[in-house]
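Visitor: Could you take me through some of the terms used for this model, setting each value against its definition?

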Amino acid sequence: MAIQMIGIDHTKAVIDIRIIFSFTKKRSAEALKLIKEEKGIRGCVLISTCNRMELYVSTEEGYEGDLYELLCRVKELPEGLWPEYREYFSFREEKEAASHLFRLAAGLESRILGEDQILGQVKDAHEFAKEHLCCGKYLNTLFRISVTGAKKVKTETLLSKTPVSAATIAIKQCQNILGTLNNKNILIIGASGKTGSIVLKDLLSLNGVNIYATSRTHDGIINHIDGAITVDYDKRYDNLDIYDAVISATSSPHIVLEKSRAKNAIKTCKKRVFIDLAVPRDIEIFEDEYTVYKNIDDLTEIADNNNRIKQQEIMKAEKILQKYIDEFRIWKLFSESETLFKSAENKIENESEKNTFRHKIYNLKSDNNYAKFSEFIILLREKLT
């Protein structure tokens, strides 16, 4: 069994390119089913966030399929466009694929080093694939151990001791642009979602901010959001003029603030900021002498400063993760060598020696030394041939 991954992220592609390959939850379910049905693929997990889309697959040995072309087919892209986007993708196999996932879950591949949200997204992607019976034995173990390793990094390093997320950086940007948030009116669109709820929580920790949040109505009754003045989502344009900042973070596949309607709703000339944390975009771009627009790709300066502080913790995190990477690689090699172990055991006639042989295997496995364990497998294979 082999493990491969293909991905596109913020390091190689701007938001307009990433949007093309992003997946909503509904589309993720459909995509997983189609990918799992591909000949030679035994399991798949799909991670789709504002900064990346990554596909992990376990395949039969000798699988020669093109994961990029498979993604393009699943996304129903015109074949003539396929060559245009290939350069934005990274492809990894076996150790490199596993190591990347471990670093990803621990926040070492994030725009904001050590951010906590990605660990939850990795866990959710794993659970989602399991729920749809697409994960398989190998990816299940890979993702389970990667999450355990990431949790260890978060408890034993300072990478997450001062948690910084896109949500907190968005609020900091509002402060920088407006000068202060005291007595400012801020609207959150998508406050019930994962990112939006973090924005709401962070704003509630500040004094003097007037917080508004959109909410849907059901059977004519609006769902109130604790801590905020609740605004009917369908009437989000009605009071747009009073807001000093709008932060949008929905999972909608469509624009939630259209340029023309927003401009018509705004009457007062004052400094305003619109921050779009969604992929695909929530807000149609518009800026003028009073209005500032920022999206997820613009929130870099504060993130860069934060990352410089955390650089010294990376080596400690990588050392921790290496133990868990080795644990997975040993597990995989152990699983793939069961037939070999059985053949060797069958050649041993003495029951006591068989027990000694079994103990040796499990002791080597427990030592968590991949080089030592793989050397034992090689020597055992040579001995039997």
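**Burial, contacts and cores**

Guide: In helix α12 (residues 338-346), the residues L340, F341, A344 and E345 are buried. This is a predicted model, in which local features need pLDDT of at least 70 and side-chain atom pairs count only at pLDDT 80 or more, while totals for chains, interfaces and linings use all residues. Residues are numbered from 1 along each chain as its sequence is written, and side-chain values use heavy atoms, with hydrogens and water left out.

Visitor: What puts these buried residues on the same side of α12?

Guide: They cover an arc of only 135° around the axis, the arc being that of the directions from the helix axis to the C-beta atoms, and therefore they lie on the same side of α12. The face turned away from that buried side carries the exposed residues T339 and N346. Helices here are DSSP runs of H or I with at least four residues, and strands are runs of E with at least two, numbered from the N terminus.

Visitor: Why is T214 called buried?

Guide: Buried means under 20% relative accessible area, exposed over 50%, and partly exposed in between (1.4 Å probe, protein chains only); T214 has 6%, so T214 counts as buried. T214 is found in strand β6 (residues 210-215).

Visitor: Which residues does T214 touch, not counting residues up to four places away in sequence?

Guide: With contact meaning heavy atoms within 4.5 Å, T214 touches L187, I188, I189, G190, I225, V231, Y233 and R236.
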